[in-house]
Amino acid sequence: MSNCIDIASRNLPDITSLLRKTVELEGSDLHITLDAPPMVRVDGELEMLPWPRLAAADIEALLGQVLTPRQMELLRQKCSVDLAYALD
């Protein structure tokens, strides 16, 4: 996976913007899934964010902003990865 996709060309947020929106909504989790818009878990329910459905290249670009090479490899192997990320 590379981080060479221009997410701005599709008017998509960067990962920090998605995480800030998650905090703003008092969400517990951010869900990034193929062929679905980003979603936030709020009070146990998933809420779609007002962005387009994510293509594989969009997800690669978003995750490339925060995952280490080792985490990217685990994602390729297991199709799932958990991580923690601190916002300033």
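**View 1. Gln71 is in contact with Val66, Val81, Asp82 and Leu83, leaving aside its neighbours within four places in sequence.** Contact here means heavy atoms within 4.5 Å. The model shown is predicted, so local features need pLDDT of at least 70 and side-chain atom pairs count only at pLDDT 80 or more, whereas totals for chains, interfaces and linings use all residues. Residues are numbered from 1 along each chain as its sequence is written, and side-chain values use heavy atoms, with hydrogens and water left out. Gln71 sits in helix H3; helices (H or I, at least four residues) and strands (E, at least two) are DSSP runs, numbered from the N terminus. With a relative accessible area of 19%, Gln71 counts as buried, a class that means under 20%, against over 50% for exposed and in between for partly exposed (1.4 Å probe, protein chains only). One of its contacts is Leu83: the two are 12 residues apart in sequence, and their C-alpha atoms are 8.6 Å apart.

**View 2. Here is the chain as a whole, with 3 helices and 3 strands.** Following the sequence, you will meet them in the pattern α-β-β-β-α-α. The chain has 88 residues, and 28% of them count as buried. Take the contacts between residues at least 6 apart in sequence: 39% of these join residues at least 24 apart. About 5,700 Å² of the chain is exposed, with carbon and sulfur atoms supplying 50% of that area (Shrake-Rupley method, 1.4 Å probe; for residues, only the protein chains shown count as cover).

**View 3. Helix H2, residues 56–64, has Asp58, Ile59, Ala61, Leu62 and Leu63 as its buried residues.** What covers these residues includes helix H1 (15–24) and helix H3 (69–78). Two of them, Leu62 and Leu63, appear again among the members of the largest nonpolar core that touch the most other members, a group that also holds Ile15, Leu18, Leu54 and Leu67. The core counts 15 residues, and H1, strand S2 (39–42), H2 and H3 each supply at least two of them. A nonpolar core is a set of buried Ala, Val, Leu, Ile, Met, Phe, Trp, Tyr and Cys residues joined through side-chain atoms within 4.5 Å. Look beyond the four nearest places in sequence, and you will find Leu63 in contact with Ile32, Met72 and Leu75.

**View 4. The largest pocket has a volume of about 750 Å³.** On a 1 Å grid over the protein atoms alone, a pocket is an open set of points where a 1.4 Å probe fits, with protein on both sides within 12 Å along at least five of seven lines, and lining residues have an atom within 4 Å of a point. Which residues are the closest to the centre of the largest pocket? Of the 25 that line it, they are Leu30, Ile32, Leu63, Val81 and Leu83. Leu63 is thus a residue to follow from the core view into this one, since it belongs to both lists. H1, strand S1 (29–31) and H2 each supply at least two lining residues. The largest share, 4 residues, comes from H1. By class, the lining has 18 nonpolar, 5 polar and 2 charged residues.

**View 5. Thr22, in helix H1, meets residues further along the chain.** Thr22 is buried, with a relative accessible area of 6%. Its contacts, neighbours within four places in sequence left aside, are Gly27, Asp29, Leu30 and Val40. In the loop between H1 and S1 you will find Ser28, which is exposed at 54%. Ser28 and Arg41 are 13 residues apart along the chain, with their C-alpha atoms separated by 5.6 Å.

**View 6. Glu26 and Cys79 are two backbone spots to check in your own viewer.** Most residues other than glycine have a negative phi. Glu26, in the loop between H1 and S1, has a positive phi near 60 degrees. Cys79, in the segment after H3, also has a positive phi of about 60 degrees. What are their accessibilities? Glu26 is exposed at 69%, and Cys79 is exposed at 68%.

**View 7. Asp88 lies in the segment after H3.** Asp88 counts as exposed because its relative accessibility is 89%. Its C-alpha atom is 9.9 Å from that of Arg20, which is 68 residues away along the chain.

Methods
Points joined across faces, edges and corners; volume = space filled by probe spheres on them. Nonpolar A, V, L, I, M, F, W, Y, C, P; charged D, E, K, R; others polar.
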